[in-house]
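Subject: Handover of a structure and findings

Dear colleague,

Please find below the structure that I am handing over to you. My findings follow directly after it.

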Amino acid sequence: YHDGNQAEFVRLLGLNEKSEWIEILPKVQMLGHSYLKVKLPTDKNSKFKKFKIEMYPDGGLSRVGLYTD
């Protein structure tokens, strides 16, 4: 948990089987010392090889968890 120097916004991208970066989660605001849980629409046809998190402004994350149903 951070309070004061956390990234203000994040965006999540996934690298698909065609090696294209696809936006999974649009830019969303983060809050310090908090827990953000986002349920994304299910697309059974999307499979990702890698994930990339973009932070605005650039900084660091202490914990990230990506889960599937």
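I begin with Tyr56, which touches Ala7, Glu8, Phe9, Arg11 and Lys27, leaving aside residues up to four places away in sequence. Please bear in mind throughout that this is a predicted model.

Tyr56 and its surroundings

Tyr56 belongs to strand β3. With a relative accessible area of 28%, Tyr56 is partly exposed, because the partly exposed class runs between 20% and 50%. The side chain of Tyr56 also makes a polar contact of 2.7 Å with the side chain of Glu54. Between the C-alpha atoms of Tyr56 and Val28 the distance is 9.8 Å, while 28 residues separate the two in sequence. The peptide bond that leads from Tyr56 to Pro57 is cis, and its omega is near -15°. Pro57 itself lies in the segment after β3.

Overall architecture

The protein chain has zero helices and three strands, and its pattern along the sequence reads β-β-β. Of the 69 residues in the protein chain, 13% are buried. The protein chain exposes about 6000 Å², of which carbon and sulfur atoms supply 50%. Among contacts in the protein chain with a separation of 6 or more, 58% are between residues 24 or more positions apart.

The hairpin of β1 and β2

Strand β1 covers residues 9-16 and strand β2 covers residues 21-29; the two run antiparallel and are joined by six bridges. Within this pairing, Val10 stands opposite Val28 in β2. Four residues lie between the strands of the hairpin. Ser19 is located in that loop between β1 and β2, and its phi is near 60°, a positive value in a residue other than glycine. At 49% relative accessibility, Ser19 is classed as partly exposed, because the exposed class begins over 50%.

Asn16 is placed in strand β1. Is Asn16 buried or exposed? Its relative accessible area is 13%, so Asn16 is buried, the limit for that class being under 20%. A polar atom of the Asn16 side chain lies 2.9 Å from the backbone nitrogen of Glu20. Leaving aside residues up to four places away in sequence, Asn16 touches Ile22, Lys47, Phe48 and Lys49.

Salt bridges

How many salt bridges does the count give? The count comes to two salt bridges. Side chains of opposite charge can pair when their charged atoms come close.

One of the pairs is Glu23 with Arg11, where the closest N and O atoms are 2.9 Å apart. This pair links distant parts of the chain, with Glu23 in strand β2 and Arg11 in strand β1, 12 residues apart. Both partners are partly exposed: Glu23 has 41% relative accessibility, and Arg11 has a relative accessible area of 22%.

Arg11 also meets Glu54 in a salt bridge, side chain to side chain, at 2.9 Å from N to O. Arg11 lies in strand β1 and Glu54 in strand β3, so this pair ties together parts that are 43 residues apart in sequence. Arg11, Glu23 and Glu54 are thus linked in a network of salt bridges. Glu54 is also the residue whose side chain makes the polar contact with Tyr56 described above, and Arg11 is among the residues that Tyr56 touches.

A nonpolar surface patch

Which residues form a nonpolar patch on the surface? Phe51, Ile53, Leu61, Val64 and Leu66 do so, and together they have about 430 Å² of accessible area. Of these residues, Val64 lies in the segment after β3, a strand that spans residues 48-56.

Points to look at in the viewer

For your own inspection, I would draw attention to these places:

- the network of salt bridges that links Arg11, Glu23 and Glu54;
- the cis peptide bond from Tyr56 to Pro57;
- Ser19 with its positive phi in the hairpin of β1 and β2;
- the side chain of Asn16, with a polar atom 2.9 Å from the backbone nitrogen of Glu20.

With kind regards

Note on methods. Residues numbered from 1 in each chain as written. Predicted model: local features only at pLDDT ≥ 70, side-chain atom pairs only at ≥ 80, totals over all residues. Heavy atoms only, no water. Pairing = 2+ DSSP bridges. Patch = residues over 30% accessible without salt bridge, like charges linked within 9 Å, V, L, I, M, F, W, Y side chains within 5 Å. Areas by Shrake-Rupley, 256 points an atom, 1.4 Å probe, with all protein chains shown as cover. Salt bridge = Lys/Arg side-chain N within 4 Å of Asp/Glu carboxyl O. Buried < 20%, exposed > 50% of the residue type's maximum accessible area, 1.4 Å probe, protein only. Contact = heavy atoms within 4.5 Å. Polar contact = N/O pair within 3.5 Å; in protein donor to acceptor, adjacent residues only side chain to side chain.
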